[in-house]
Amino acid sequence: MTDSTTRLAADARSAPPTSSAAATRRAVYNTLRGSSGNLVEWYDVYVYTVFATYFESQFFDSADKNSTVYVYAIFAVTFLMRPVGSWFFGRYADRRGRRAALTFSVSLMAACSLVIALTPGRESIGVWAAVVLILCRLVQGFATGGEYGASATYMSEAATRERRGFFSSFQYVTLIGGHVLAQLTLLVMQGFLDTDQISDFGWRIAFLIGGVAAVVVFWLRRSMDESLTPEQLEAVRTGADSESGSIRELIAHHWRSLVVCFLVTIGGTIAFYTYSVNAPAIVKTAYEDHGRVGTWINLIGLVFLMALQPIGGMISDKVGRKPVLVFFGVGGVIYTYVLITYLPQTTSVAASLTLLGIGYVILTGYTSINAIVKAELFPSHVRALGVGLGYALANSAFGGTAPLIYQAAKNGGHVPWFIAYVTAVIAVSLLVYIFVLRNKAETPLDREQGRAFVDAEVGARRA
């Protein structure tokens, strides 16, 4: 069997039937298992930013005025590993299966969270505390780079055709849910521990929770269905298919889709980290003299953002992906100035929640459907690699650096420059949404499922 024949046969079977109640139940079953791992993995990502101000003295000299910048610099540097992780896990997922890649990535995240939780502070081991923190976060960046592409691909392939936007939106339900859990963990701790106790040992409990929860997810992911067929996996194993997961195949034949994936992502990822990481940090600072008020505001806002994701996905299933992305792009270009300028000046709970809420409605135009938009760009044999690499490159350059750039701009009194930067990047993506993307056009996922229906009908007639 030739490589092209193998890929056609595999593509034709890689997506589940979409018209039956049984297929819908199967999609729900697999979405829950796939998204549960996403939830824990992103909890491990965000517990770092939520507890950063509490544990920074454990790794850096609290007398150093740049210690906060160092902490966020580590957060940014870990994004450099995401392209490496997306390449490794994307190839792994396209050749060994989505389930194997997702199980592997969550295992790495868990191990690193446990190491961070148990690492002695700088007073005990000096500079080595910071070295361990950096190494663990680099490995977690590597794992996260793989998680996004593999999970976006899996949820898109596991979804029924008519509800792909809805089912794939649960990737960001759980991604944001990880942030919600991290904020909730802090809120619970603030109810039982004072600030010194959280800084002393409470933050370690938060990291420990992530490591232990991943063990449960490891078991769940091992029992979920594989969205690649046995025939495709066997073809890779025997060497009949050498192009699945190949970077050469991706660059040679699907480079346009990779470029589009990158450009679709840059505006969304910089908005996501500006609105959901920088904005909560601003709220926390604005209410630092008001007990847990800032934490409550952030928690309510993030729960609202999480609840919006399926709504955005369902709307895209009705009107198409393009109008929803254009809504985000236009809103982001207009609203970023308002959010970053007025949120630090606001000490009214209602006003803070309103500013965050409007931002999160706009952001949902990207977050709710970005996974399916990218998955629909690539055929199955390079889908995890293409989605993961396009996302990771954009995320590393524009997303993960946003908290660091904002902090540096704030310290230097140049916040308007940061606002202009974010607005310009969103504007670039908006141009792509308007002039490059087509609405409700046939995608590789559609063609794969179409061939699957034809094969099923032919098989039934022969029987």
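# Exercises on a predicted all-chain model

**Opening contact.** The side chain of Ser86 has a polar atom 2.7 Å from the backbone oxygen of Pro83. The model is predicted: local features need pLDDT of at least 70, side-chain atom pairs count only at pLDDT 80 or more, and totals for chains, interfaces and linings use all residues. Residues are numbered from 1 along each chain as its sequence is written, and side-chain values use heavy atoms, with hydrogens and water left out.

**Exercise 1. Place Ser86 and list what surrounds it.**

Step 1. Find the element. Ser86 lies in helix H5, residues 82-96. Helices here are DSSP runs of H or I with at least four residues, strands are runs of E with at least two, and both are numbered from the N terminus.

Step 2. Check the burial. Ser86 has a relative accessible area of 1%, so this residue is buried (under 20% relative accessible area; exposed is over 50%, partly exposed in between; 1.4 Å probe, protein chains only).

Step 3. List the contacts (heavy atoms within 4.5 Å). Leaving aside neighbours within four places in sequence, Ser86 touches Arg91, Gly145, Gly146, Leu385, Gly388, Leu389 and Ala392.

Step 4. Take one partner. Ala392 is 306 residues from Ser86 in sequence, yet their C-alpha atoms are 6.5 Å apart.

**Exercise 2. Explain why helix H3 counts as largely enclosed.**

Step 1. Take the range: H3 covers residues 52-59.

Step 2. Mark the buried residues. They are Ala52, Tyr54, Phe55, Glu56, Gln58 and Phe59.

Step 3. Conclude. Six of the eight residues are buried, so the rest of the structure largely encloses H3.

**Exercise 3. Describe the nonpolar cores.**

Step 1. Fix the term. A nonpolar core is a set of buried Ala, Val, Leu, Ile, Met, Phe, Trp, Tyr and Cys residues joined through side-chain atoms within 4.5 Å.

Step 2. Take the largest core. It has 103 residues, and Phe51, Phe55 and Tyr273 touch the most other members. Helix H13 (residues 247-286) gives the most to this core, with 16 residues.

Step 3. Look for another. A second, separate core has nine residues, among them Phe142, Ala150, Ala158 and Ala384.

**Exercise 4. Characterise Thr367.**

Step 1. Thr367 sits in helix H16, residues 349-367.

Step 2. Its relative accessible area is 1%, so Thr367 is buried.

Step 3. Not counting residues up to four places away in sequence, Thr367 touches Tyr172, Phe272 and Gln309.

**Exercise 5. Summarise the chain.**

Step 1. Count elements: 21 helices and zero strands.

Step 2. Of the 463 residues, 57% are buried.

Technical notes. A polar contact is a pair of N or O atoms within 3.5 Å; within protein, one must be able to donate a hydrogen and the other to accept it, and residues adjacent in sequence count only if both atoms are side-chain atoms.
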